[in-house]
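Student: Please take me through one part of this model closely: the surroundings of a DNA strand. After that, I would like to see how that part fits with the rest.

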There are 2 protein chains.
Amino acid sequence: MTGTSGESSAPRKRADARRNEKTLLEAAAAMFVSSGVDVPVRDIAAKAGVGVGTIYRHFPTRADLIVAVYRHQVEACAEAGPVLLAKSTTPHAALASWINLFVDFLVTKHGLAEALRSNDAAFQTLHAYFLDRLVPVCADLLDAAATAGEIAPDMDALVLMHGIGNLCIGADNPRYDARLMVGLVIAGLRLR
Amino acid sequence: MTGTSGESSAPRKRADARRNEKTLLEAAAAMFVSSGVDVPVRDIAAKAGVGVGTIYRHFPTRADLIVAVYRHQVEACAEAGPVLLAKSTTPHAALASWINLFVDFLVTKHGLAEALRSNDAAFQTLHAYFLDRLVPVCADLLDAAATAGEIAPDMDALVLMHGIGNLCIGADNPRYDARLMVGLVIAGLRLR
DNA sequence: GAATATACGGAACACGGTTCCGCTTTGCAA
DNA sequence: TTGCAAAGCGGAACCGTGTTCCGTATATTC
């Protein structure tokens, strides 16, 4: 979308720039795991051995960096939608599996769900990317389940994804259980 | 709990201090409505016509101020639990009504749900107060519904409240619908 | 009316994101 | 190979926010 790592028509970046971008992605990924996605930018820069300015040149906002780090996993999740639909016994089962896939992804990334929800302008990109990529997939699953008469026909995919994301906030608190709550939502979706 | 406005055994504060506390609460309430609970402390101080130091003397953390402003409404919500249980046709209906009461409270306070969820140490007080006051009420409602065989007997009130709170985050986004999601949870709770 | 405890105001500090600009490195061309 | 413009880099500086601190002002007491 933003073409941060575009290799099609861009005038090709300088070698050191490409090297830095890679180093930065690796450092960010490592820091996200060890300290959550809200780790200070300065720390990522230090870990990568570059100045903060370099981060901002490659990734105009913190959200762009997060998107770049998790792009592969989001893609994988999006692509799993149709596959699950084909393989599952019922559309509702496929929907449930897919949502669980998404939840698994979210809860293992400390702070990602929070960041996703932040109304901070800087996270707009993050929000938009997740929604653009995943809402259509979810909508297809919902459609299939509705057509099969398993759920009500008027559930909005955006609302559902938004809510699921919300439920994953604070998932690292041992007294909370995001998966249980998501399970209730999935159950609540089903017509009785 | 903290006794911010305790009038029992404290040596009685100076008149100007009492006046300022009141002014501050009014200013904060007004600012929370117009700009959300995350309005800058300086703005509240300006609105009240006092220095920021004065805020911090009366309310050691931002969370204490929020608690003080909303204490009445939280109390009312807590007290509504037993009443609803007595008046409703079934415990599950009472639970549903009570949860909706809580959701109504939350979604009309811009940013309160977010603040509630912040893992920021300063909001610990806020989190603790809401949980201490409301989780027991919720637990009683869950118990009653479980006893009546309407829901599974192992639902944890803390998890449920936490999840409901999460679902209310971002409720002012017109494309989202917190009440709908909460409705799914309530439906999912019910045994079929 | 003076003494003293209490409270006040707001400058100063901590911290995190973001911007800016002088300096360095790269890549191309002569 | 060397020169030089463009691309990229580092990190100091800036901004907005929460929070602390302390010299000054005010209430209360005697």
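Tutor: This is a predicted model. DNA strand C is surrounded by 23 residues. The closest of them are A:Ala15, B:Asn20, B:Val50, B:Gly51 and B:Gly53. Several elements give two or more residues to the surface near DNA strand C. In chain A these are α1 (15-35), α2 (41-48) and α3 (52-58); in chain B they are α1 (15-35) and α3 (52-58). The most comes from α3(B), with 4 residues. Sorted by class, the surface near DNA strand C holds 9 nonpolar, 8 charged and 6 polar residues.

Next, the relation between the two chains. A turn of 180°, with a shift of 0.0 Å along the axis, lays chain B on chain A with an RMSD of 0.1 Å. The two copies are therefore related as by a two-fold rotation axis. Within chain B, the residue that comes closest to this rotation axis is B:Gly188, whose C-alpha lies at 1.8 Å. Of the interface residues of chain B, 100% are also interface residues in chain A, so the copies meet through the same surface.

Last, the interior. In soluble globular proteins, nonpolar side chains tend to be buried together. Here the largest nonpolar core has 119 residues. Those touching the most other members are A:Leu141, A:Ile164, A:Cys168 and A:Val185, along with B:Leu141, B:Ile164 and B:Val185. Take A:Leu141 as one of these. Apart from neighbours within four places in sequence, A:Leu141 is in contact with A:Gly81, A:Leu85, A:Pro91, A:Ala94, A:Leu95 and A:Trp98.

Terms used. Residues numbered from 1 in each chain as written. Chains lettered and ligands numbered in written order. Predicted model: local features only at pLDDT ≥ 70, side-chain atom pairs only at ≥ 80, totals over all residues. Near = placed C-beta within 6 Å. Nonpolar A, V, L, I, M, F, W, Y, C, P; charged D, E, K, R; others polar. Least-squares fit on C-alpha atoms with pLDDT ≥ 70 in both. Contact = placed C-beta atoms within 7 Å. Core = buried A, V, L, I, M, F, W, Y, C linked by C-beta atoms within 7 Å. Buried ≥ 20, exposed ≤ 12 C-beta atoms within 10 Å, placed from the backbone.
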